[in-house]
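I opened a fresh page for this protein. My plan is to start from a single residue and work outwards.

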Amino acid sequence: MKTLSPERLNAAAIFMQEHARPLERELFRLEQGTGSAEDVLRELAAYQHDDGGNGHGLEPDARSALSSVLDTTCALQVLRRLKTAPDHPQVQRALEYLESGFDSELGLWPIRPMMPADTPAAPWWTYRDAEHWAEKMAEGALNPTAEALGYWIEFGGDAQPTFIEQAESTVRAYLAQHRDALEMHDLMCVARL
């Protein structure tokens, strides 16, 4: 296994301290044994809204303050990494957001809400109009639906709302139709499921 030399690791630490967001700084400190899960949770909480969803550009390709399923799954990745208990308030609020954000008409979780046109975002997050946005959201059978389903199964305990069965059906149907090749982000969501 490749490891960084002490000099390169020190350079990485300096870079993280000078340029990283506070959350990534705390994650780095945790990995180096100088931070704590509590410090990471404190920084992660800054991205969670009153509705339980995460936003504020947690997933940095779009700097939208709005809650989104994508940002919320990013938060749940961190919570899983920290082995956070299912009854932790950040986990429970994220699950509440996922429950409220499931689109039963489409049978999936839309990846993010329509953002204002002036939101700083990567080009793949810009849409011509509401119809174009709706078309893109309808494509989310795996990204983020498979991943969100996995977190609900992992953290939701015995609660099995009806949308769980519908989301599972959507994921299974998509995988049955697209066996040959999955786009990278779809594959990552299936792996997290």
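**Entry 1: one residue**

Is Val78 buried or exposed? I noted first that the model is a predicted one. Val78 has a relative accessibility of 10%. The cut-off for buried is under 20%, so Val78 counts as buried.

I then looked up where Val78 sits, and found it in helix α4. Which residues does Val78 touch, leaving out those up to four places away in sequence? I listed Leu27, Val40 and Leu44. I also checked Val78 against Ala37, which is 41 residues away along the chain. Their C-alpha atoms are 9.9 Å apart.

**Entry 2: the cores**

Leu44 turned up again when I looked at the largest nonpolar core. This core holds 33 residues. Leu23, Leu44, Leu58, Leu76, Leu98 and Trp109 have the most contacts inside it. Which elements give two or more residues to this core? I wrote down α2 (22-31), α3 (37-45), α4 (69-81), α5 (89-101), α7 (145-155) and α8 (162-177).

I picked Leu58 for a closer look. Setting aside neighbours within four places in sequence, Leu58 contacts Arg21, Leu23, Leu44, Tyr47, Asp71, Cys74 and Ala75. There is also a second, separate core, made of 8 residues. Among them are Ala62, Leu70, Ile111 and Ala122. I added a general note: in soluble globular proteins, nonpolar side chains tend to be buried together.

**Entry 3: the whole chain**

How many helices and strands does the protein have? I found 9 helices and 0 strands. Along the sequence the pattern reads α-α-α-α-α-α-α-α-α. The radius of gyration is 18 Å, and the globule rule gives 16 Å for 193 residues. The two values are close, so the protein is as compact as a globular protein of that length. I took the spans of the C-alpha trace along its principal axes too, and they are about 50 × 40 × 40 Å.

Next I looked at burial and contacts. Of the 193 residues, 42% count as buried. Among contacts with a separation of 6 or more, 59% come from residues 24 or more positions apart.

Then I turned to the surface. The accessible surface is about 11000 Å². Carbon and sulfur atoms account for 54% of that surface. I looked up the charges last: 17 side chains are positive and 31 are negative. The centres of these two sets lie 8 Å apart.

**Entry 4: backbone oddities**

I reminded myself of the general rule before this check. Most residues other than glycine have a negative phi, and most peptide bonds are trans.

Which peptide bond is cis, with omega near 15 degrees? I found the bond from Asn143 to Pro144. Pro144 belongs to the loop between α6 (130-137) and α7.

I then noted two residues with a positive phi. His56 has a phi of about 60 degrees, although it is not a glycine. His56 lies in the loop between α3 and α4. With a relative accessibility of 39%, His56 counts as partly exposed.

Lys83 is not a glycine either, and its phi is positive at about 55 degrees. I placed Lys83 in the loop between α4 and α5. Is Lys83 buried or exposed? Its relative accessible area is 74%, so I entered Lys83 as exposed.

Notes:
Residues numbered from 1 in each chain as written. Predicted model: local features only at pLDDT ≥ 70, side-chain atom pairs only at ≥ 80, totals over all residues. Heavy atoms only, no water. Helix = DSSP H or I, 4+ residues; strand = E, 2+ residues; numbered from the N terminus. Rg over C-alpha atoms; globule rule 2.2 N^0.38 Å. Buried < 20%, exposed > 50% of the residue type's maximum accessible area, 1.4 Å probe, protein only. Contact = heavy atoms within 4.5 Å. Areas by Shrake-Rupley, 256 points an atom, 1.4 Å probe, with all protein chains shown as cover. Lys, Arg positive; Asp, Glu negative; His and termini not counted. Charge placed at Lys NZ, Arg CZ, Asp CG, Glu CD. Core = buried A, V, L, I, M, F, W, Y, C linked by side-chain atoms within 4.5 Å.
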